[in-house]
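Work through the exercises below with the sequence and the model side by side. Try each task before reading its solution.

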Amino acid sequence: MANLREAQKQMTRRLLLESGLELFKTKGYAATTVDDIATAAGTTRVTFYAYFPSRSELMKALIDEQLNEVLQRVRSPEHGSTARDLVDTVTEGTPAAVMAWLRRTAEIWPAIRPIIRVGRDASVVDPELPDLVERWLEEAVGDIEDGLTAAGRFEPHQRRFRGVLAMAELDYVAQHWDRTDWKITRDQMLDELAASWVRLLT
């Protein structure tokens with residue numbers, strides 16, 4: 001019985017997160033209320049507050065839990081979260097490893113993009129969420145820095161900045177993946193991105 005109750009609680013929490021994300025995407029973060037999210041999840045405002053103290057906390061959970069789950073990032077005392085496969089890819093540093101990691105990441109961009117977009121929207125209007133996505137990106141920069149450190153490449157003062165450049169490129173391409181005015185195919189985009197990462201990180 002206790003297991004069933006726990007499963008129901010997890011399901012309700014998941015429904016609140018999914019409903020919040022969908023409403024943030026369609027209505028915008030600023031226009032979405034706690035009541036909207038509760039109604040969309042088939043529950044009440046009281047139930048919402050049993051899981052999340054505020055709309056801001058639900059937004060943080062979308063970044064901390066759902067985004068990290070999609071990207072297979074785990075808790076890390078050094079960075080908040082870490083992706084071992086990114087650290088290992090940068091440590092290896094071969095063009096094949098970099099391309100393979102970028103291709104795997106590109107496959108999940110449709111799940112990543114909406115969370116990052118609503119996170120940035122929320123940061124603009126909610127004083128409790130300053131630089132929400134940028135803090136998360138800094139964690140990924142830390143993974144690149146760790147990979148470069150493990151490989152012994154570059155001077156210590158160069159590693160972080162090269163990680164910043166690599167993640168800025170990836171973030172921009174991921175957020176504009178559907179643009180047609182670049183006049184290149186998606187495979188060509190990934191080829192160019194991988195070549196740039198190899199130049200930056202090896």
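**Exercise 1. Decide whether Thr 89 is buried or exposed, then describe its surroundings.**

Solution.
- Start with the relative accessible area of Thr 89, which is 7%. The model is a predicted one.
- Apply the cut-off: buried means under 20%. Thr 89 is therefore buried.
- Place the residue. Thr 89 belongs to helix α5, which covers residues 84–92.
- Look for a polar partner. A polar atom of the Thr 89 side chain lies 2.7 Å from the backbone oxygen of Asp 85.
- List the contacts, leaving out residues up to four places away in sequence. Thr 89 then touches Ala 97, Val 98, Trp 101 and Arg 104.

**Exercise 2. Find the salt bridges made by Asp 88 and Asp 85, and say which parts of the chain they join.**

Solution.
- Take Asp 88. Its side chain meets that of Arg 84 in a salt bridge, at 3.1 Å from N to O.
- Count along helix α5. Asp 88 and Arg 84 are four residues apart there, so about one helical turn separates them.
- Check the exposure of Asp 88. Its relative accessibility is 41%, so Asp 88 counts as partly exposed.
- Now take Asp 85. Its side chain forms a salt bridge with that of Arg 104, at 3.9 Å from N to O.
- Locate both ends. Asp 85 is in helix α5 and Arg 104 is in helix α6 (residues 95–107), so the pair ties together parts 19 residues apart in sequence.
- Compare with the exposure classes. Asp 85 has 28% relative accessibility and counts as partly exposed. Arg 104, at 42%, also counts as partly exposed.
- Recall Exercise 1: Arg 104 is also one of the residues that Thr 89 touches.

**Exercise 3. Describe the salt bridge between Asp 178 and Arg 113, and set it among the salt bridges of the structure.**

Solution.
- Begin with the distance. The closest N and O atoms of Asp 178 and Arg 113 are 3.5 Å apart.
- Locate the partners. Asp 178 sits in the loop between α9 (156–175) and α10, while Arg 113 sits in helix α7 (residues 109–125).
- Note the separation. The two residues are 65 residues apart, and the pair links distant parts of the chain.
- Classify each partner. Asp 178 is partly exposed at 48% relative accessibility. Arg 113 is buried at 11%.
- Look for shared partners elsewhere. Arg 14, Glu 18 and Glu 69 are joined into one network by salt bridges.
- Finish with the total: the structure holds 17 salt bridges.

**Exercise 4. Trace helix α4 from its start to just past its end, and find where it bends.**

Solution.
- Before the helix body, look at Ser 54. One of its side-chain oxygens comes within 3.3 Å of the backbone nitrogen of Ser 56, at the start of α4.
- Get the extent. Helix α4 covers residues 55–70, which makes 16 residues.
- Test the span. First to last C-alpha is 21 Å, close to the expected 22 Å.
- Find the bend. Helix α4 turns by about 30° at Leu 62.
- Check the burial of that residue. Leu 62 is among the buried residues of α4, which also include Leu 58, Met 59, Ile 63 and Leu 67.
- Step past the end. Just after α4, Gln 72 has a positive phi of about 55°.

**Exercise 5. Which loops hold Phe 154 and Lys 183, and what is notable about their phi values?**

Solution.
- Recall the background. Most residues other than glycine have a negative phi.
- Read Phe 154. Its phi is near 70°, a positive value in a residue other than glycine.
- Read Lys 183. Its phi is also positive, about 60°, although it is not a glycine.
- Place them. Phe 154 lies in the loop between α8 (132–151) and α9. Lys 183 lies in the loop between α9 and α10.
- Classify them. Phe 154 is partly exposed at 22%. Lys 183 is exposed at 72%.

**Exercise 6. Summarise the whole chain: how many helices and strands does it have, and what share of its residues is buried?**

Solution.
- Count the elements. The chain has 10 helices and two strands.
- Read their order: α-α-α-α-β-β-α-α-α-α-α-α.
- Take the dimensions. The C-alpha trace spans about 55 × 40 × 35 Å along its principal axes.
- Add the burial. Of 202 residues, 44% count as buried.

Technical notes: Residues numbered from 1 in each chain as written. Predicted model: local features only at pLDDT ≥ 70, side-chain atom pairs only at ≥ 80, totals over all residues. Heavy atoms only, no water. Expected span 1.5 Å × (residues − 1). Bend = angle between axes of the 7 residues up to and from the residue. Buried < 20%, exposed > 50% of the residue type's maximum accessible area, 1.4 Å probe, protein only. Polar contact = N/O pair within 3.5 Å; in protein donor to acceptor, adjacent residues only side chain to side chain. Contact = heavy atoms within 4.5 Å. Salt bridge = Lys/Arg side-chain N within 4 Å of Asp/Glu carboxyl O.
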